[in-house]
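Q: I have a structure open and want to learn how to read it. Where do we begin?

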Amino acid sequence: MKSEWTYRPLGELVSFASGGTPSKKRDDYWGGTIPWISAKTLKTENIDTSDLFITEEGLKAGSKIAPKGSILLLTRGSGLFNGIPIARVEKDVAFNQDIKCLDSYGEVENEFIFYWLLSQKDYLMAKVGVTGIGAGKFDLDFLQKLMIPIPSERERKSIVGFASSISEKIRCNAKVNDNLAA
């Protein structure tokens with residue numbers, strides 16, 4: 001059986017949402033129960049918490065929610081010079097303006113897009129630009145025009161199953177290493 005993969009721009013498959021930072025001068029915006037993700041906390045493939053939390057008021061005043069199942073991608077900051085932070089959202093989290101939330105329109109699953117983005121880290125690293133203040137950046141137009149291969153649904157499920165098995169093994173090995181180090 002021959003498989004025919006098509007290619008589509010990423011911007012036709014996912015929405016891109018920008019986050020925000022509530023005023024740090026307002027104590028009533030901080031210390032709540034909503035995890036707030038920044039470049040500093042976008043360090044693992046799966047994200048559900050942070051060292052900073054905002055309140056509902058803080059969310060309304062400047063941030064946005066990345067829904068469970070969506071993808072967070074750092075698009076601006078010096079951290080881009082060291083790698084491309086990409087994470088799956090495991091529970092609703094808020095996020096700042098240096099991060100984009102990618103969420104599938106439904107044609108192609110977020111999980112497949114997530115693993116495809118991970119597979120493109122070297123290519124993405126080569127495309128990091130520089131802001132006027134010397135931070136790394138991705139141009140939104142560049143990201144939206146990235147051509148993504150679209151295998152059949154059955155092939156996508158197989159690829160996601162294989163990739164998630166490897167990711168789980170890496171996560172388990174990291175926990176073992178952390179326990180041994182402790």
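**Reading strands, sheets and a helix**

A: Start with one bridge: P35 has F53 in β5 as its bridge partner. Keep in mind that this is a predicted model.

Q: Which strands does that bridge belong to, and in what sense do they run?
A: Look for the pair of strands, then for the direction. Here strand β3 (residues 30–37) and strand β5 (residues 53–54) run antiparallel, joined by three bridges.

Q: In which sense does β3 pair with β10?
A: Read each partner separately. β3 and strand β10 (residues 93–95) pair in the parallel sense, over two bridges. In that pairing W36 stands opposite A94 of β10.

Q: What should I expect of side chains along a strand?
A: In a regular strand, side chains alternate between the two faces of the sheet. Treat that as the general idea.

Q: How do I read the order of the five-stranded sheet?
A: Walk across the sheet from strand to strand. The order is β2-β11-β7-β9-β4. This sheet is open, and its pairing is mixed.

Q: Which strands are the edge strands there?
A: Look for strands that pair on one side only. These are β2 (14–18) and β4 (46–47). β4 runs parallel to strand β9 (residues 86–89), with two bridges between them. One contact point to find on screen: N46 has R88 of β9 as its bridge partner.

Q: What is the strand order in the three-stranded sheet?
A: Again, walk across. The order is β8-β13-β12, the sheet is open, and the pairing is antiparallel.

Q: Why is one side of β8 and of β12 left without a neighbour in the sheet?
A: Count partners. β8 (76–77) and β12 (129–130) each have a single partner strand, so each stands at an edge with one side free of a neighbour in the sheet. β12 and strand β13 (residues 136–137) run antiparallel and share two bridges. Find V130, and G136 in β13 stands opposite.

Q: Now a helix. How many of the residues of α3 are buried?
A: Check the cover residue by residue. Eight of the ten residues of α3 are buried, so the helix is mostly covered, with buried meaning under 20% relative accessible area. Among them are F112, F114, Y115 and W116. The aliphatic residues I113, L117 and L118 are buried too, and so is N110.

Q: Is E111 buried, partly exposed or exposed?
A: Use the relative accessible area. E111 lies in helix α3 (residues 110–119). Its value is 35%, so E111 is partly exposed, falling between the cut-offs of 20% and 50%.

Q: Which residues is E111 in contact with, beyond its sequence neighbours?
A: Set aside the neighbours within four places in sequence. That leaves R88 and V160. R88 is also the bridge partner of N46. For scale, the C-alpha atoms of E111 and G83 are 20 Å apart, with the two positions 28 residues apart along the chain.

Q: How do I step back to the whole chain?
A: Begin with the inventory: six helices and 14 strands. Then compare the radius of gyration with the globule rule. A compact globule of 182 residues would be near 16 Å, and the chain has 17 Å, which agrees. The C-alpha trace spans about 60 × 45 × 30 Å along its principal axes.

Q: What share of the contacts join residues at least 24 apart?
A: Take contacts between residues at least 6 apart in sequence. Of these, 73% join residues at least 24 apart.

Q: How many positive and negative side chains are there?
A: Count both, then compare centres. There are 24 positive and 23 negative side chains, and the centres of the two sets lie 3 Å apart.

Conventions. Residues are numbered from 1 along each chain as its sequence is written. This is a predicted model: local features need pLDDT of at least 70, side-chain atom pairs count only at pLDDT 80 or more; totals for chains, interfaces and linings use all residues. Side-chain values use heavy atoms; hydrogens and water are left out. Helices (H or I, at least four residues) and strands (E, at least two) are DSSP runs, numbered from the N terminus. The radius of gyration is taken over C-alpha atoms; the globule rule is 2.2 Å times the number of residues to the power 0.38. Contact means heavy atoms within 4.5 Å. Lys and Arg count as positive and Asp and Glu as negative; His and the chain ends are not counted. The place of a charge is taken as NZ of Lys, CZ of Arg, CG of Asp or CD of Glu. Two strands pair if DSSP finds at least two bridges between them. Buried means under 20% relative accessible area, exposed over 50%, partly exposed in between (1.4 Å probe, protein chains only).
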